[in-house]
Each structure stands twice: as C-alpha cells, then as structure tokens.
Amino acid sequence: MASGCWIGIDVSTTATKAVAIDESGRMLAVAASEYGYDTPQPLWSEQDPELWWTGARNSLRAVLAAPGVSGKELRGVGLTGQMHGLVLLDEAGRVLRPAILWNDQRTGEQCDDIRARVGGSA
C-alpha cells in the first residue's frame, strides 16, 4: 500500500478519466468512463452534464478499487475539465437543458460580425 496517493480527474468532451499516483509520481491506477455528445443540428454540440458526474463517479470507483490505492491514504485531488461551456441552471440548481459545449459553432455568424466590427482574429 502506498503511504500516500493523489488522484487527478479530467472531465473531457468524450470521457472522464481518473489517475492515482504515489508520492514518487508512479502511476498506481488509471480508469476512464466514456460517453458521447449530441449534435441536434449541424454545427451544434451539446451534452448532458449528468454524464460528467456519472463518469467521475465510475472512474473514481475504479481507481479506488485498484490494488495499492486506498481512500484512507488519499492526500489530494486535482480536477481539470473541458474548455468553456454553458450549463444553465434554475433557482434550485437543476440543469435546465443540455450543456452547450466549447466546440459548438451555432454563433459563428455573430462572432464573425463582431470580429468584423471591432477586430480580432478568428
């Protein structure tokens, strides 16, 4: 059993990954929970945020079940995620609709118009 471990979590567009490392930086376990995203119209990209939470739980459970990894020895958790996106919530914190992902292009024309008016690169 490692005398201490750290877990890193990456919530990406297509999977949530988790990795456990020991204090020397040696990888103890890695797991991924894959999922998809929707394109309800051309150039649109959306995803149910529940997929991120489910993916994180599944990946963490798998890493914590690996030999040499113990939640009792956990020293810290790092988290990173996909680029900017939009998750709309109601007053109670419930998700109102699928998240609009970083690679969604539905506002392309409006962005082009703004760049033409004020400058900037594409």
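Select Arg75 first in this predicted model: with a relative accessibility of 47%, Arg75 counts as partly exposed. Now add Glu73 to the selection, and you will find that the side chains of Arg75 and Glu73 meet in a salt bridge, with 3.5 Å from N to O. Glu73 also counts as partly exposed, at a relative accessibility of 22%. As background for this stop and the next ones, side chains of opposite charge can pair when their charged atoms come close.

Next, select Asp90 and Arg94, whose side chains form a salt bridge at 3.0 Å, again given from N to O. Are these two residues buried or exposed? Asp90 counts as buried at 17% relative accessibility, because buried here means under 20%, whereas Arg94 is exposed, with a relative accessible area of 52%.

From there, select Glu46, Arg97, Asp104 and Arg106 together, since salt bridges that share partners join these residues into one network. Within this group, look at Arg97 and Glu46, whose side chains meet in a salt bridge of 2.7 Å, N to O. Arg97 lies in the loop between E5 and strand E6 (99-100), while Glu46 belongs to strand E4 (residues 46-47), so the pair ties together parts that are 51 residues apart in sequence. Arg97 is partly exposed, its relative accessible area being 26%, and Glu46, at 6% relative accessibility, counts as buried. If you go on to search the whole structure, nine salt bridges are found.

Now switch to a cartoon view and color by secondary structure. The protein has two helices and six strands, and when you read along the sequence, the pattern is β-β-β-β-α-β-β-α.

Select the strands E3, E2, E1 and E5, which in that order make up an open sheet of four strands with mixed pairing. Which strands stand at the edges of this sheet? They are E3 (27-34) and E5 (74-81), each of which has a single partner strand, so one side of each is left without a neighbour in the sheet. As you turn the view, keep in mind that the twist averages 15 degrees from one strand to the next.

Stay with the sheet and pick out strand E1 (residues 5-11) and strand E2 (residues 15-22), which pair in the antiparallel sense over seven bridges. One place to look is Gly8, which stands opposite Val19 in E2. Then add helix H1 (residues 50-64), which packs on the sheet and touches E1, E2 and E3, its direction making about 30 degrees with that of E2.

For the interior, select Ala20, Trp52, Val63 and Val69, the residues with the most contacts inside the largest nonpolar core, which has 16 residues. Elements that each supply at least two residues of this core are E1, E2, E3 and H1, and the largest share, four residues, comes from E1.

Finally, zoom out until the whole chain is in view. The C-alpha atoms fill a box of roughly 60 × 30 × 25 Å along the principal axes. The radius of gyration of the protein is 19 Å, whereas a compact globule of 122 residues would have a value near 14 Å. Buried residues make up 30% of the 122 residues, and among contacts between residues at least 6 apart in sequence, 52% join residues at least 24 apart.

Terms used:
Residues are numbered from 1 along each chain as its sequence is written. This is a predicted model: local features need pLDDT of at least 70, side-chain atom pairs count only at pLDDT 80 or more; totals for chains, interfaces and linings use all residues. Side-chain values use heavy atoms; hydrogens and water are left out. Two strands pair if DSSP finds at least two bridges between them. Axes are lines fitted to C-alpha atoms, for helices over the stretch in contact, and angles run from 0 to 180 degrees between N-to-C directions. Contact means heavy atoms within 4.5 Å. A nonpolar core is a set of buried Ala, Val, Leu, Ile, Met, Phe, Trp, Tyr and Cys residues joined through side-chain atoms within 4.5 Å. Buried means under 20% relative accessible area, exposed over 50%, partly exposed in between (1.4 Å probe, protein chains only). A salt bridge is a side-chain nitrogen of Lys or Arg within 4 Å of a carboxyl oxygen of Asp or Glu. The radius of gyration is taken over C-alpha atoms; the globule rule is 2.2 Å times the number of residues to the power 0.38.
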